[in-house]
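This report looks at a ligand site, two helix packings and a strand pairing. Please keep the sequence and the structure at hand while reading.

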Amino acid sequence: ILNLKKNHILGSAVLQIEEGSTGFITPILRNRREVNCRASSATEWRPAVILAAIDCADEDNQEVCSDFGITGFPTMKFFRAFSKKAEDGIRLTNPGATVEDLRHAIITNLEQSQDSWPPACPPLEPASAEEVRTFFQRNKDQYLALIFEKSNSFVGREVALDMLQYENVAVRRVLSSEEELVAKFGVTTFPSGYLLLRNGSFSRLPVHIEARSFYTYYLRTLSGITRGSYKLNTTASTSNESDMTPRIRADRSKLYMADLESALHYSLRVEAARASALSGAQLAAFKCYVAALVKYFPGRPCVQTYLQTLDGWLRNWTESELPRDVLKEAMKNNRDASNPAVLPTNVTWVGCQGSERHFRGYPCGLWTIFHLLTVQAAQNGPDKELPLEVLSTMRCYVRHFFGCQECAEHFEAMAAKSMDRVSSREEAVLWLWSHHNEVNARLAGGDTEDPKFPKLQWPPPDMCPQCHKEERGVHAWEEPAVVTFLKAHFSPANIYMDYAEPDPLPRAREETGTRLGTEGPRVERGREEEEEEKEAEGEARVAGRPSSAEPRRPSIVRLNPKPREVGEDIVDLDSFSEQHFKSQALRAAVTRRRRINKRDTIPLPLNSGEGRERRRVPGILLREVEDVGEGLRRSPWLRVLGLGFSRLDISLCITLYFLSSMCLLAMYTFFRLRTRSRKGRAGFP
Ligand SMILES: Cc1cc2nc3c(=O)[nH]c(=O)nc-3n(C[C@H](O)[C@H](O)[C@H](O)COP(=O)(O)OP(=O)(O)OC[C@H]3O[C@@H](n4cnc5c(N)ncnc54)[C@H](O)[C@@H]3O)c2cc1C
């Protein structure tokens, strides 16, 4: 299986196609196991047929998936040999077909190649009596295998492709209508296989079952048959790389802002922006989704500003079509504003992290967002007013954008059945909960279930004992308790900031930092304090505490959700996989360095404050702080002399003092010598 990223597909699949292979590209979402299995049945067909799977749910592949016109999963596209453009791909219908159907579809399309027949592909058309008679005169092969079959059978062609990489043997199919050959070999059953040798002798293939795998196995074990020099030229699978995402310990009783923001980013910027333009019902669904988020998503200020800005922009967009490029531009973050409008662009799964990369993640995040929205709508509006507001938004979103087509169809079927009967906002909360449980029941034990996170009827008894009861020996839900539980679980107070990207620094404030050198000390101190407050806010967030700008989550102060190693002294930055955080720490270090250079005799928190300083600024800053502190510890007199003066001031004083002394000495010597010489001149006769 090639789980190809953009570079790999350009380097491997497409180039190979240009060199004369047939390419077959199948974008996948979460059903990698299925694709693995499909792929393994076609890997032996290289270099005639190359199978590549692209994870179009991976944002890195967005451009290439969009170039290939992929809007849903799974989509299968067949590229004839020598194809040059993405548009050359032939969309194969019925992607839910079996592995066998898929192989047959490949062969059927391959046979229609005509002028663009892949040079490495063996002939797949039925052999004639004449061809069989003269085969060994025209070829050097030691063996010729004939598969006799009916015209609608694919066995002969599949075996021919299976043996493609093996030398000294050729495989041809012979149709049951080829009477001369059927009579010559005495064939009575179809399919059946015969082996011809160079010396003219032949025998029936001694297989247990007349089937592809048995023929292939027998032929590969014949003496003198070796696998050829063909080697698959690929780079190491990227799936291994990406499966090495560090494991995050999450608490299933909590919601994580990182999950919510990752799902929001993905849904808005990747999934909904997949089509080349939004129009009609799709555009309306998008506007509706953003409007619901503005109303009910309990985001932090920068995300709320982001959503409000986007919503305002969408309301002003009155044209019937919204091109993707324009939308993407409008969805960019604005960090320059005094109130930054930022929806983090990194995707970090915490509560939704799967045990392997292809499990959980986005669909889990999307469910969580919509549960949160239904609960917030129930908490924030008159119960009977617009009861379907959030559910309809979700229905439209799933119908128009959710990449998993099968999921969208299932959800639409459930919605069509009963969604209209929901008559209050609280019922909407329960509808989504019970239908999510219906999905859980359907998927339990299936391929898409993460073995480490089995699909349960949710909430399980250990999360909410009072939600469960027994009625005449049968399990039943205590719905009022479920509503209470859902309202508490999907509440802003239960959202934790672990692993979320730190709040953006308003650009104006960052610039202030760089201008410090040109302004007076009072202003300078004020700005420094402001920056220190900002750093303290960052620290609070890292430690899971709220900043003053986060009034919505007071409970975060109480709880320390992030598990820390015993004796851990410094916050483990590695666990904050976001590059952004690191760059912020660096930025803070640079700012602090500037400050340290200017006022390098500042009193340092060497004892009690040290731990705090360490925790706040790992790496560079810590080392700098220690260097300066070390200098001060070595020269205690400097502390006395330097009270209120910088090192530069003191050095200048000493230099001037020394220079003036030297000057005085020079003057004294000069005048002394002059006086002596005058005295001497007067006494001369
Ligand atoms: C609309 C929709 C339809 C889908 N349809 C399909 C499908 O047809 N086939 C398919 O293979 N996959 C489908 N999926 C994906 C599938 O439902 C899961 O999202 C995916 O398998 C990941 O599962 P998970 O273990 O992370 O838990 P999820 O089911 O994604 O749940 C996410 C989180 O929500 C909480 N939760 C679980 N159950 C409930 C509940 N009843 N009420 C409230 N909260 C709950 C839990 O905390 C859980 O961790 C669908 C996803 C969505 C959003």
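The text below takes the ligand surroundings, then the helix contacts, then the hairpin. The model is predicted.

**Ligand surroundings**

Around the ligand there are 25 residues, and those that come nearest are Pro363, Cys364, Cys407, His436 and Trp458. Three elements each give two or more residues to this shell: α14 (362–380), α16 (405–418) and α17 (425–443). By class, the shell holds 14 nonpolar residues, seven polar ones and four charged ones.

**Helix packings**

Two helix pairs are described here, and the table lists their geometry.

| Helix pair | Angle | Distance between axes |
|---|---|---|
| α11 (residues 280–296) and α15 (residues 389–400) | about 135° | 9 Å |
| α10 (residues 257–271) and α14 | about 105° | 8 Å |

With an angle of about 135° between them, α11 and α15 are oblique to each other, since angles of 65 to 115 degrees count as roughly perpendicular and those over 145 as roughly antiparallel. Their crossing is left-handed. On the α11 side the contact is made by Ala281, Gln282, Ala285, Cys288, Tyr289, Ala292 and Tyr296, and on the α15 side by Glu389, Val390, Thr393, Cys396, Tyr397 and His400. Nine of the residues in this contact are nonpolar, three are polar and one is charged.

The second pair involves α14, one of the elements that give two or more residues to the ligand shell. At an angle of about 105°, α10 is roughly perpendicular to α14, because that class covers 65 to 115 degrees. From α10, the residues Asp259, Leu260, Ser262, Ala263, Leu264, Tyr266 and Ser267 meet Tyr362, Gly365, Leu366, Thr368 and Ile369 of α14. This contact divides into seven nonpolar residues, four polar and one charged.

**The hairpin**

In which sense do strands β14 and β15 pair, parallel or antiparallel? Strand β14 covers residues 468–471 and strand β15 covers residues 474–477, and the two pair in the antiparallel sense over four bridges. Two of the residue pairings can be named. Lys469 has Ala476 in β15 as its bridge partner, and Glu471 stands opposite Val474 in β15. The two strands form a hairpin with two residues between them. Arg472 lies in the turn and has a positive phi of about 50°.

Definitions and conventions. Residues are numbered from 1 along each chain as its sequence is written. This is a predicted model: local features need pLDDT of at least 70, side-chain atom pairs count only at pLDDT 80 or more; totals for chains, interfaces and linings use all residues. A residue is near a molecule or strand if its C-beta atom, placed from the backbone, lies within 6 Å of it. Ala, Val, Leu, Ile, Met, Phe, Trp, Tyr, Cys and Pro count as nonpolar, Asp, Glu, Lys and Arg as charged, and the others, Gly among them, as polar. Two strands pair if DSSP finds at least two bridges between them. Axes are lines fitted to C-alpha atoms, for helices over the stretch in contact, and angles run from 0 to 180 degrees between N-to-C directions. Angles under 35 degrees count as roughly parallel, over 145 as roughly antiparallel, 65 to 115 as roughly perpendicular and the rest as oblique. A crossing is left-handed if the near helix is turned anticlockwise from the far one by less than a right angle, and right-handed if clockwise. Two residues are in contact if their C-beta atoms, placed from the backbone, lie within 7 Å.
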